[in-house]
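Me: I am new to this structure and would like a close look at a single part of it, the sheet and what surrounds it. Please take me through it step by step, in one connected answer.

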Amino acid sequence: WSQGYATEAGRAFIEFCFKELGLKRIVAHVQAGNDASVHVLTKLGFELESTETGHRTFYHFQLKNPVT
């Protein structure tokens, strides 16, 4: 843990999605309480788009392609 592997993998994934696939945005859904995943997403530049409450709470993040 805390070795930066998730962030490194996330950066490679983002680059592939935007450059190779030409996606306009990437979305991620994280269950509340998963602080490590929230930290990685915010570190990668994802922004909290909304919060879904109910039986369980989920955070919905997005990252927009800066080129489009």
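Reply: In this predicted model, a good place to begin is Leu 48, whose bridge partner in β3 is Phe 61. The strand that carries Leu 48 is β2, which covers residues 47–52 and is joined to β3 by five bridges, the two strands running antiparallel. Between β2 and β3 there are five residues, and together the two strands form a hairpin.

On the other pairing of β3, the partner strand is β1, and here seven bridges join the two strands, which again run antiparallel. Two positions help to place this pairing by eye: Ile 26 has Leu 63 as its bridge partner in β3, while Arg 25 stands opposite Lys 64, which also belongs to β3. It may help to set these strands in the order of the whole chain, which holds two helices and three strands and runs α-β-α-β-β from the N terminus on.

The side chains of β1 are worth following one by one, since in a regular strand the side chains alternate between the two faces of the sheet. In β1, Ile 26, Ala 28 and Val 30 point to one face and are buried, whereas Arg 25, Val 27, His 29 and Gln 31 point to the other face and are not buried. In soluble globular proteins, nonpolar side chains tend to be buried together. With that in mind, the next thing to look at is the core.

The largest nonpolar core has 13 residues, and those that touch the most other members are Ile 14, Ile 26, Leu 41, Phe 46 and Phe 61. At least two residues of this core come from each of α1 (5–20), β1 (25–31), α2 (35–43) and β3 (58–64). Ile 26 and Phe 61 have therefore been met already as strand residues, Ile 26 through its bridge to Leu 63 and Phe 61 through its bridge to Leu 48. Leu 41 shows how such contacts reach along the chain: once its neighbours within four places in sequence are set aside, Leu 41 is in contact with Ala 28, Val 30, Phe 46 and Phe 61. Two of these partners, Ala 28 and Val 30, are on the buried face of β1 described above. For the protein chain as a whole, 26% of the 68 residues count as buried, and among contacts with a separation of 6 or more, 52% are between residues 24 or more positions apart.

The other face of β1 leads to a charged pair, and side chains of opposite charge can pair when their charged atoms come close. Arg 25 forms a salt bridge with Glu 49, with the closest N and O atoms 3.2 Å apart. This pair links distant parts of the chain, as Arg 25 is in strand β1 and Glu 49 is in strand β2, 24 residues apart. Arg 25 counts as partly exposed because its relative accessibility is 42%, and Glu 49, at 43%, counts as partly exposed too.

The structure holds two salt bridges, and the other pair makes a useful contrast with the one between strands. Lys 19 forms a salt bridge with Glu 15, the closest N and O atoms being 3.6 Å apart, and both residues lie in helix α1, four residues apart, or about one turn of the helix. Lys 19 is exposed, with a relative accessible area of 63%, while Glu 15 counts as partly exposed at 44% relative accessibility.

Between α1 and β1, just before the sheet is entered, the loop contains Leu 23. Although Leu 23 is nonpolar, it counts as partly exposed, since its relative accessibility is 33%. Together with Phe 16 and Leu 21, Leu 23 makes a nonpolar surface patch of about 270 Å². The protein chain exposes about 5,200 Å², and carbon and sulfur atoms supply 53% of that area.

Note on methods: Residues are numbered from 1 along each chain as its sequence is written. This is a predicted model: local features need pLDDT of at least 70, side-chain atom pairs count only at pLDDT 80 or more; totals for chains, interfaces and linings use all residues. Side-chain values use heavy atoms; hydrogens and water are left out. A nonpolar core is a set of buried Ala, Val, Leu, Ile, Met, Phe, Trp, Tyr and Cys residues joined through side-chain atoms within 4.5 Å. Buried means under 20% relative accessible area, exposed over 50%, partly exposed in between (1.4 Å probe, protein chains only). Contact means heavy atoms within 4.5 Å. Patches are made of residues with over 30% relative accessible area and no salt bridge: like charges are joined within 9 Å, nonpolar side chains (Val, Leu, Ile, Met, Phe, Trp, Tyr) within 5 Å. Accessible areas come from the Shrake-Rupley method with a 1.4 Å probe; for residues, only the protein chains shown count as cover. A salt bridge is a side-chain nitrogen of Lys or Arg within 4 Å of a carboxyl oxygen of Asp or Glu. Two strands pair if DSSP finds at least two bridges between them.
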